[in-house]
Amino acid sequence: MRRHPWLFSGAIDKVSGSPAPGETVRVCGASGALLGLAGYSPSSQIRARMWSFDGRDTIDAAFFERRLRAAIGRRQAMLNDPLRTGCRVVYGESDELPGLIVDRYGDFLVCQFLFAGVDAWKAEIVKLLHTLLPCRGIYDRSEAAVRQREGLPPEQGLLWGEMPPELVEINENGRLYGVSIAHGHKTGFYLDQYDNRALVRTLAAGRSVLNCFAYTGGFGIAALQGGASHVLNIDSSAPSLDLAAGNFRRNGCEDERYSFLCANAFEILRELKQAGRQFDIVVLDPPKFAETKAQFQRAARAYKDIALQGAALLSPGGLLVNFSCSGAIDLPLFQKITADAVLDAGRTGQILHYMHQASDHPVGLPFPESLYLKGLVCRID
Ligand code: SAH
């Protein structure tokens with residue numbers, strides 16, 4: 001065993017008794033040797049996830065306290081940083097807490113319980129969280145589709161303390177963002193792009209920016225902070241662009257330096273090209289086009305189309321900032337898709353920066369599946 005935390009149903013020879021969803025089970029190798037302890041999930045293809053590779057451990061509240069303390073301890077510097085009041089505190093398998101996500105937004109914590117094993121410990125985990133990380137309230141956003149595969153119903157609502165306001169303000173390197181904990185994507189904000197927003201800020205001085213898939217304005221505001229001349233934000237969701245507009249105002253950005261277009265990127269990028277528009281930086285941060293390996297061809301075509309249209313809009317020497325958050329598309333493939341797209345746009349270029357998810361979303365060495373966000377900054381000639 002290489003300490004990978006997942007046990008697939010096909011790899012299990014036999015199950016003694018009929019453990020309930022979420023129950024702790026002992027995991028034994030073919031020789032009968034005890035390999036460790038896992039949480040059991042009878043309806044999932046991932047039939048069990050390892051809590052511990054030490055069979056002498058006891059899985060109880062004290063165990064979760066140790067694991068939560070370790071996750072918080074690894075991030076202590078970030079959690080103390082007044083310029084980083086949005087931060088992921090627990091990143092599931094990478095923090096040896098399979099299926100548990102905890103994000104902090106200011107004085108509030110938002111959790112996702114994405115595996116039957118961790119769902120069974122919800123009450124204890126919530127109690128530990130507000131003891132270990134003083135906060136005003138803890139909110140549940142466990143409505144993600146993955147819970148279905150675990151045989152768990154969607155759940156959303158207050159778990160402890162005070163109900164968060166409609167928008168909780170976070171400070172990211174001096175930029176302020178209002179985060180909708182109850183209605184935003186994921187737990188409310190794309191914390192994983194923290195480093196990449198900082199990079200875009202350093203690239204933006206004097207440049208015009210197209211921020212495509214803008215959501216609540218993350219990259220756009222970072223670009224203006226870095227001295228961009230203008231940012232056009234595109235998103236197909238009007239409510240997201242309303243939040244983005246609020247965020248631009250919150251940061252005191254001058255009205256004439258930003259604008260919005262509520263449109264489908266697959267159509268509007270072509271229309272902008274036909275209208276003769278050009279930009280010095282094009283940021284493409286689309287949603288996950290591939291949920292599973294099976295969808296990956298369709299997803300690859302979508303990534304290519306978007307990158308082709310984005311590259312075609314760049315001024316000579318402009319920067320294409322291209323992302324994929326689909327775990328099923330790995331970096332070599334994403335790089336190839338980007339290269340093909342730039343070629344088909346009749347352009348050429350170089351990769352200046354490789355990007356990935358921020359360090360509060362670490363990749364557990366035994367769990368390479370946790371690397372999902374990839375990005376390239378390409379200079380396009
Ligand atoms: N860059 C953002 C996160 C982007 S999330 C940040 O750092 O915060 C992806 C966004 O793409 C969502 O806001 C979603 O509304 C938008 N979107 C999805 N499909 C789209 C499409 N076809 N055209 C335009 N926007 C789309």
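The exercises below, each with a worked solution, concern a predicted model.

**Exercise 1. Domains**

Find into which domains the chain is divided, and state how far apart the C-alpha centres of domain 2 and domain 3 lie.

*Solution.* Begin by marking the bounds along the chain, where domain 1 covers 6-52, domain 2 covers 61-168 and domain 3 covers 190-380. Next, take the C-alpha centres of domain 2 and domain 3, which are separated by 28 Å. Then look at the contact itself, to which domain 2 gives 13 residues and domain 3 gives 15 residues.

**Exercise 2. The area between domain 2 and domain 3**

Work out how much area domain 2 and domain 3 bury between them, and which residues of domain 2 lose the most area to domain 3.

*Solution.* The buried area comes to about 1,100 Å², and 60% of it falls on carbon and sulfur atoms. On the side of domain 2, the residues that lose the most area are R84, Y91 and S94, which together account for 44% of what that side buries.

**Exercise 3. Charged and polar pairs across the interface**

Decide whether the distance between R84 and D360 fits a salt bridge, and describe the side of domain 2 that touches domain 3.

*Solution.* Start with the cut-off, which asks for a side-chain nitrogen of Lys or Arg within 4 Å of a carboxyl oxygen of Asp or Glu. The closest N and O atoms of R84 and D360 are 3.6 Å apart, and therefore the pair counts as a salt bridge. Between domain 2 and domain 3 the count is one salt bridge, while six residue pairs are found in polar contact across the interface. Turning to the strands, β5 (86-91) and β6 (100-105) each supply at least two residues of the side of domain 2 that touches domain 3, and the largest share, four residues, comes from β5. Sorted by class, this side of domain 2 has six nonpolar, two polar and five charged residues.

**Exercise 4. A salt bridge between distant parts of the chain**

Locate R74 and D95, and say how many residues apart they are.

*Solution.* In the whole structure, 25 salt bridges are found. One of them joins the side chains of R74 and D95, with 2.7 Å from N to O. R74 belongs to helix α1 (residues 61-74), whereas D95 sits in the loop between β5 and β6, so that the pair, 21 residues apart, links distant parts of the chain.

**Exercise 5. The ligand**

Name the closest residues around the ligand, and find which atoms lie by its nitrogen atoms.

*Solution.* The ligand is surrounded by 16 residues, of which D235, S236, N264, A265 and D285 are the closest. For the backbone, an N or O atom of F213 lies 3.3 Å from a nitrogen atom of the ligand, and one of S236 lies 3.1 Å from a nitrogen atom of the ligand. For the side chains, a polar atom of D285 lies 2.6 Å from a nitrogen atom of the ligand.

Key. Residues numbered from 1 in each chain as written. Predicted model: local features only at pLDDT ≥ 70, side-chain atom pairs only at ≥ 80, totals over all residues. Heavy atoms only, no water. Domains from an automatic or database assignment. Contact = heavy atoms within 4.5 Å. Buried area = accessible area lost by both parts, 1.4 Å probe. Polar contact = N/O pair within 3.5 Å; in protein donor to acceptor, adjacent residues only side chain to side chain. Nonpolar A, V, L, I, M, F, W, Y, C, P; charged D, E, K, R; others polar. Near = heavy atom within 4 Å.
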